[in-house]
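Please take a moment with the sequence and the model shown below, and then follow the paragraphs through the structure one part at a time.

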Amino acid sequence: MTLPERPARYWLMKSEPDECSIDDALAAPGATVPWTGVRNYQARNFMRDEMRIGDGVLFYHSGCPEPGIAGIARVASGVRADPAQFDPASHYYDPKATPDKPRWLLLDVQAIRKTRLVRLAELRAHPALAEMRVLQRGNRLSITPVQEQEWAAILRDCLGGKAAGQSN
DNA sequence: GCCAACGTTGGC
DNA sequence: GCCAACGTTGGC
């Protein structure tokens, strides 16, 4: 018996390009990277409870001179423990986490293609994106849901309407 | 470097 | 459970 089907959902995932840029992801084996370092419960819960293999991902560069959407990707695995939480040398070490009781999870993200940089100002100026979660005041979540119509508007109006989000 | 905004921690 | 203090995020 397989998991129940559901329509694909869409997400925006922030990455600091100094740590993992869209180019880094595309250069990885299988263009796939483990999304390490999520240390926020709400974002973790999205990965654990709502994200499914095949969901579309807007690959967003943050904490850099030109923040914005830099590529398209897809969710490529379910969750597992993020090994960085157990590594005292890691920036993402969490002394309260143990292999028996991991706190933090990751999943694999597969880059599909690099896009032109769709800058934050451009996203903010688009009427169809007025309610986009990542653009809301004070938002700091590194993973946010994207509505289907927002995804469609970005692909159509910002990325030239080429098909994306499918690996075949 | 600044600062707004939010999440987490921990004393009570 | 409250809430002040502190830490982090992330754009600018």
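**Arginine 44 and the nonpolar cores**

In this predicted model, a polar atom of the side chain of arginine 44 lies 3.0 Å from the backbone oxygen of arginine 103. Arginine 44 has its place in helix H3, and, leaving aside neighbours within four places in sequence, it is in contact with Val38, Arg103, Trp104 and Leu105. Although arginine 44 is buried, it has no salt bridge; the nearest side chain of opposite charge belongs to aspartate 49, which is 7.0 Å away, whereas a salt bridge would require a side-chain nitrogen of the arginine within 4 Å of a carboxyl oxygen.

Helix H3 (41-50) also leads to the largest nonpolar core, since it is one of the elements that each supply at least two residues of this core, as do helix H2 (22-27) and the strands S1 (10-15), S3 (56-61), S4 (68-75) and S7 (108-119). The core holds 25 residues, and those touching the most other members are Met13, Trp35, Met51, Phe59, Leu107 and Ile143. In soluble globular proteins, nonpolar side chains tend to be buried together.

Phenylalanine 59 shows what such a position can look like: not counting residues up to four places away in sequence, its contacts include Met13, Cys20, Ile22, Ala25, Trp35, Ile69 and Ala73. There is also a second, separate core of 19 residues, with Leu12, Ile69, Leu135 and Cys158 among them.

As for annotation, an unreviewed UniProt entry lists residues 9-155 as "domain: EVE". Over residues 9-155 the chain is 23% helix and 29% strand, with the end C-alpha atoms 15 Å apart.

Definitions and conventions. Residues numbered from 1 in each chain as written. Chains lettered and ligands numbered in written order. Predicted model: local features only at pLDDT ≥ 70, side-chain atom pairs only at ≥ 80, totals over all residues. Heavy atoms only, no water. Core = buried A, V, L, I, M, F, W, Y, C linked by side-chain atoms within 4.5 Å. Buried < 20%, exposed > 50% of the residue type's maximum accessible area, 1.4 Å probe, protein only. Helix = DSSP H or I, 4+ residues; strand = E, 2+ residues; numbered from the N terminus. Contact = heavy atoms within 4.5 Å. UniProt positions renumbered as here; feature names shortened; annotations may be inferred. Lys, Arg positive; Asp, Glu negative; His and termini not counted. Polar contact = N/O pair within 3.5 Å; in protein donor to acceptor, adjacent residues only side chain to side chain.
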